[in-house]
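Please open the model in a viewer and keep the selection tool at hand. The stops below are given in the order in which they may be selected.

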Amino acid sequence: MRNDKNLLLDLLSLNRQVPTATVAAITTERWQVLLDMAAMHRVEPLLYWRLIKERQLSLPQAVAERLQESYRQATFRSLQIQAELVALAKIFKREKVDYIVLKGPTLAFAMYPNSALRPMRDLDILVPKEQLERAYQLLLDSGFSHPAQYSNFNPQSFFALTQHYPGLKNPTGTVMFELHFRVLDPNICQGQDPGLNSELWQRRDSLTIAGQMIPVMAVTDLLLHLIIHGCHAHQFNNGPLLMSDIDYLLKSRSVDWPWFWQQAEQLQVSRGCQLTLTMVEYFYGRQKIEWLLGAVFDKENIERIVPELSLLMLQNFNLHTEQDRLAGLENDSSLRGKIQFLRDKFFPLPERLGLFYSVKKNSPWLPYYYLLNIGRIMKKIPVYWQVSNADGGDIMQLTALKEWLGNEAK
């Protein structure tokens, strides 16, 4: 599996291209593994672009047809996303709701050579905190829906512990929206969230789709957000698209580097930024980066760990939560730390229970919901057993990443 991950990352790379003879020697069985891994992380269309459109390689018919079909489906999905963005713009414009579209659409429609190369699982929409409840209700009134377990969700829990309300599906059930009131996960980054800063709203840019102006993040804000979201929040499990996102962004736009590094230091994410940008150069070649200089930037050490930690881009997406928790348990070296970690999972604060169940922190039914939570975790024991008895590569890499990022404030 490790060799397959390395091969797929190199096939997607612009800096570590795989020789034509090596591609021709890939067996049918190995192609199946590579394509399944690519599909899990939404890079089949990008793989099609690299191998067939750019390099014009002759691939086995079944492989070429699967890649072409994924590209066709991604093209159709891109049209769906555009239509939903236009519909949202009309609703919010009519109702005078302020908003910013985060991440994917800016990259897909303004920076990639073709929007199909940048598939999106959902649409993240930043709304001012004071308008959030009304915006959420507007979408519900417009035919959007959320999962049944959130029919009476507790807004206070979400405000305290997360950055967005429960996801909403559009009326046809084809696109998921997340209404954010923060840009960043409050459990990860220190300091004031950029989404609560009026300057982020003043800096915003815009896209025009079908005659509708779509407000989006300014380029430097977007770069910082991509890295924090991919490295710190998801430990690279959002896949290799993070690297191609940054590559296309840096090649098509100018970044305010002094401001970028200043913000990274304030949010205590400069180590993650250094690591991620070094990964991009490793796989995509030299970039227009003005590096942060000084003792805090150990480029030689970062380059040493990049090949290993980049494998996290292709960790099993469906097992990530369990892998992350086992890595977190491993990262707590003391017995006291491990006990505290387990206690927080089995007996979280009442506010955190409100993220999973419709219960308030002062409810007399809290003991019942704690039992439900214990049951929910116990049902996952077979999955944890599966993860802990795997080859262990992902767990070791996640533990190493957590240790690297955890040294930020030391």
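**Stop 1: Asp36 and Arg66**

Select Asp36 and Arg66, whose side chains meet in a salt bridge at 3.1 Å, N to O. A salt bridge here is a side-chain nitrogen of Lys or Arg within 4 Å of a carboxyl oxygen of Asp or Glu. Because Asp36 lies in helix 3 and Arg66 in helix 5, the pair ties together parts that are 30 residues apart in sequence. Helices (H or I, at least four residues) and strands (E, at least two) are DSSP runs, numbered from the N terminus.

This is a predicted model: local features need pLDDT of at least 70, side-chain atom pairs count only at pLDDT 80 or more, and totals for chains, interfaces and linings use all residues. Residues are numbered from 1 along each chain as its sequence is written, and side-chain values use heavy atoms, with hydrogens and water left out.

Now colour the two residues by accessibility. Asp36 is partly exposed, with a relative accessible area of 39%, and Arg66 is also partly exposed, at 26%. Buried means under 20% relative accessible area, exposed over 50%, and partly exposed in between (1.4 Å probe, protein chains only). Add Glu44 to the selection: Asp36, Glu44 and Arg66 are linked in a network of salt bridges.

**Stop 2: Arg30 and Asp4**

Next, select Arg30 and Asp4, which form a salt bridge with the closest N and O atoms 2.6 Å apart. Arg30 lies in helix 3 (residues 28-40) and Asp4 in helix 1, so this contact ties together parts 26 residues apart in sequence. Arg30 counts as partly exposed at 29% relative accessibility, whereas Asp4 counts as buried at 12%.

Extend the selection to the whole of helix 1 (residues 2-12): eight of its eleven residues are buried, so the helix is largely enclosed by the rest of the structure. Among the buried residues are Lys5, Leu7, Asp10 and Leu12.

**Stop 3: Lys103 and Asp124**

Move to Lys103 and Asp124, whose side chains meet in a salt bridge at 2.5 Å, N to O. Are these two residues buried or exposed? Both Lys103 and Asp124 are buried. In total, the count comes to 14 salt bridges.

**Stop 4: Ala87 and Gln212**

Finally, select Ala87 in helix 5 (residues 61-94). Ala87 is partly exposed, with a relative accessible area of 33%. Draw a C-alpha to C-alpha distance to Gln212: the two residues are 125 residues apart in sequence and 9.3 Å apart in space.
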